[in-house]
Amino acid sequence: MTKAPQTKSPTDFGPVQVLRRTGLAEWQWDAATAAGLIPAADVGGSRWSVAVADDVAARRDEIVSAVGDEAPIGGNRAAQRLAERTGLTVDKRDVEALADAGVLTVAGWYKTWALWDCKALDAVDVDHLAAIVAERQAWVAASVSTWDAPAYLGWRKADFEKVARERGLRPGRGDRYAKADLDALAGDEDLVEQLRVDRLLMADQAATYLEIRPTDFKYLVASDLIAPTKYTCVEITRYHEVSVPLYRVGDLDGLREYPGIDWEAVHSVKAGEPSPLRHLARRPVDRAAVIRRWVAELGARHGMEVWAWWHRGAGRWEIDWERVDGAPTPDEVRKTIAAHPHLKAHRAEIAVATDAGAAIRWARAMREPAAAVILDTETTGLAGYIVEVAVIDACTGEVLLDTLVNPGCEVESEARWVHGISDAELADAPSLAEVLPDLLAVTQGRTVLAYNADFDHSTVVRHARRDGLDPAHLAAPDTWSCLMGRRSDWLLRRRWLPLGGGHRALGDCQTAFELLCAMTAPAHQPKALRR
């Protein structure tokens with residue numbers, strides 16, 4: 001007979017075991033230790049002997065009576081507990097004020113937040129607490145938060161922070177500024193005036209401040225009567241910044257006294273009229289205006305349509321044109337730009353023959369009679385089989401095919417949620433073997449356009465080969481062309497965009513047809529170049 005092993009009795013306990021032995025919570029142990037009710041670890045500096053543990057266990061009721069049976073709580077809950085007991089409007093800041101006054105001590109920490117002993121909170125004198133609450137409320141009424149201080153003065157945040165830093169003005173209790181200090185700043189007329197004249201404005205803001213047109217302001221800049229005080233960088237897109245000049249209000253005020261300007265005439269000039277300031281200086285050539293004029297001249301010279309737009313993401317102008325007989329080559333256009341008296345200085349910022357232009361020419365080619373069709377499928381899932389297919393003529397929009405297809409398997413719930421086609425609707429639908437001859441006939445000899453062509457191409461081929469059918473010309477990747485990728489090029493986007501159709505095959509085909517029609521013209525053509 002095997003003798004059962006005997007369990008050896010422990011001689012000491014670690015932190016977890018001693019809590020189990022004594023029945024105390026960790027916070028109670030810590031509070032009792034701090035109060036001198038529990039001795040320090042007597043074995044190896046981190047463990048307690050059986051004798052100490054049993055002594056603490058025997059005195060458990062005494063220890064709990066001293067430290068309480070409620071765990072310490074955070075500042076907000078402490079304020080709520082005091083408010084419920086006293087009927088006062090107690091705030092977390094009042095709890096902290098009690099600690100500053102020596103009435104409370106921090107019982108522990110949770111991360112960076114102080115914890116407060118419930119017994120000590122319950123012992124707080126009501127009159128003492130009422131005085132602290134009243135003091136806080138009076139301070140709140142006589143002060144303004146750091147966030148609201150600039151608005152209180154009617155100043156910009158940067159101006160307030162600068163003045164506060166220079167004058168050594170610091171917030172008081174609760175991160176608030178005394179209204180008396182803020183009122184003293186507002187009453188300093190020299191300071192307020194200095195802030196006003198030192199304010200910086202962008203060019204259009206400066207023109208508005210002077211009550212003149214932006215074009216008139218450009219003449220003032222060109223004549224060196226006003227110069228930027230500094231420049232700031234403004235992020236136009238995620239990938240592009242521009243340097244923006246800023247003009248000081250005091251300098252703008254000085255312009256009003258300039259004897260060579262008839263301000264009454266400048267203020268009364270109407271839109272489209274020549275500037276009364278043009279005698280002061282020759283205004284710098286406007287690059288955009290020169291490009292627009294040059295584009296019009298280039299188109300007239302070669303009898304072709306020329307497109308130009310500003311690509312904000314790339315920070316450049318882009319120029320392209322229809323390829324007709326006698327049209328210049330991209331290299332010839334670049335040489336023309338390099339020889340132009342004004343454009344040559346900007347030739348590094350002018351792109352010729354772009355992806356957006358290629359997308360326009362592609363869309364026009366696809367809209368030619370008998371050139372292309374638009375196809376869309378709905379499927380049983382992302383890697384599934386066809387449940388609906390539609391084809392329309394890319395030139396006329398005529399519906400060539402629109403039919404449900406029995407996929408021979410169930411529709412996944414996620415796909416059914418998207419297109420709404422149920423297994424019951426597909427039960428009597430024709431199989432792909434019945435639909436494929438018509439599908440091949442309406443796409444024969446045409447480029448097949450699809451929004452995400454890779455998806456529809458792989459779906460048609462996968463379904464056909466599963467059923468032992470020959471997809472014929474639809475198996476060739478060269479038969480297909482992706483409308484989604486061309487749309488991103490056309491819109492000058494770096495990412496692909498959703499079609500936005502109704503997730504039924506015919507409806508998506510018709511949405512794609514409308515998009516293709518729109519793509520035959522530039523998406524970002526400046527108004528001055530539109531016909």
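Good morning. I shall begin with Ala265, which is found in helix H16, residues 263-268. This alanine is partly exposed, with a relative accessible area of 27%. Ala265 and Ser275 are 10 residues apart along the chain, and their C-alpha atoms are separated by 9.2 Å. Please bear in mind throughout that this is a predicted model.

Let me turn to the helix pairs, starting with H2 and H4. Helix H2 covers residues 26-34 and helix H4 residues 60-67; the two pack at an angle of about 85 degrees, with their axes 10 Å apart. That angle makes H2 roughly perpendicular to H4, because angles of 65 to 115 degrees fall into that class. Which residues meet at this contact? From H2 come Trp27, Gln28, Ala31 and Ala32, and they meet Ile63, Val64 and Val67 in H4. By class, the contact of H2 with H4 has six nonpolar residues, one polar and no charged.

The next pair is H6 and H8. Helix H6, residues 92-100, packs against helix H8, residues 126-141, at an angle of about 120 degrees, and their axes are 10 Å apart. H6 is therefore oblique to H8. Their crossing is right-handed. On the H6 side, the residues in contact are Arg93, Asp94, Ala97 and Leu98, and on the H8 side they are Leu129, Ile132, Val133, Arg136 and Val140. How do the residues of the contact of H6 with H8 divide by class? Six are nonpolar, none is polar and three are charged.

Staying with H8, I would point out Ala134, which lies in this helix. At 41% relative accessibility, Ala134 counts as partly exposed. As a long-range reference, Ala134 and Gly250 are 116 residues apart in sequence and 46 Å apart in space, C-alpha to C-alpha.

I come now to two residues selected for their backbone angles. As general background, most residues other than glycine have a negative phi. Asp175 has a positive phi, near 60 degrees. This aspartate lies in the loop between helix H10, 157-166, and strand E6, 176-178. Is Asp175 buried or partly exposed? Its relative accessible area is 46%, so Asp175 is partly exposed.

The second such residue is Asn452, whose phi is also positive, near 75 degrees. Asn452 sits in the loop between strand E16, 447-450, and helix H23, 453-466. Asn452 counts as partly exposed, at 27% relative accessibility.

Strand E16 brings us to Leu449, which is placed in that strand. Leu449 is buried, with a relative accessible area of 1%. Which residues is Leu449 in contact with, leaving aside its neighbours within four places in sequence? They are Trp362, Met366, Ala372, Val373, Ile374, Leu375, Ala394, Ser481 and Leu516. In addition, Leu449 and Leu483 are 34 residues apart in sequence, while their C-alpha atoms are 6.2 Å apart in space.

Two of the partners of Leu449, Trp362 and Met366, are also among the buried residues of helix H19. The buried residues of H19 are Ala356, Gly357, Ala359, Ile360, Trp362, Ala363 and Met366. What span should the 12 residues of H19, residues 355-366, have at 1.5 Å a residue? The expected span is 16 Å, and the end C-alpha atoms of H19 are 16 Å apart, which agrees.

Leu483 and Leu516 lead to the last helix pair. Helix H24, residues 483-490, and helix H25, residues 505-518, pack at an angle of about 35 degrees, with their axes 11 Å apart. H24 passes H25 in a left-handed crossing. Leu483, Arg487 and Trp490 of H24 make the contact with Ala512, Leu515, Leu516 and Ala518 of H25. By class, the contact of H24 with H25 has six nonpolar residues, no polar and one charged. Leu516 is thus one to mark on the structure, because it belongs to the H24 and H25 contact and is also in contact with the buried Leu449.

On the other side of E16, I would note Gln444, in the loop between helix H22, 432-443, and E16. Gln444 counts as exposed, at 53% relative accessibility. How far apart are Gln444 and Pro150 in space? They are 71 Å apart, C-alpha to C-alpha, and 294 residues apart in sequence.

Thank you for your attention.

Methods. Residues numbered from 1 in each chain as written. Predicted model: local features only at pLDDT ≥ 70, side-chain atom pairs only at ≥ 80, totals over all residues. Heavy atoms only, no water. Axes fitted to C-alpha atoms, helices over the stretch in contact; angles between N-to-C directions. Helix = DSSP H or I, 4+ residues; strand = E, 2+ residues; numbered from the N terminus. Parallel < 35°, antiparallel > 145°, perpendicular 65-115°, else oblique. Left-handed = near helix turned anticlockwise from the far one by under 90°. Contact = heavy atoms within 4.5 Å. Nonpolar A, V, L, I, M, F, W, Y, C, P; charged D, E, K, R; others polar. Expected span 1.5 Å × (residues − 1). Buried < 20%, exposed > 50% of the residue type's maximum accessible area, 1.4 Å probe, protein only.
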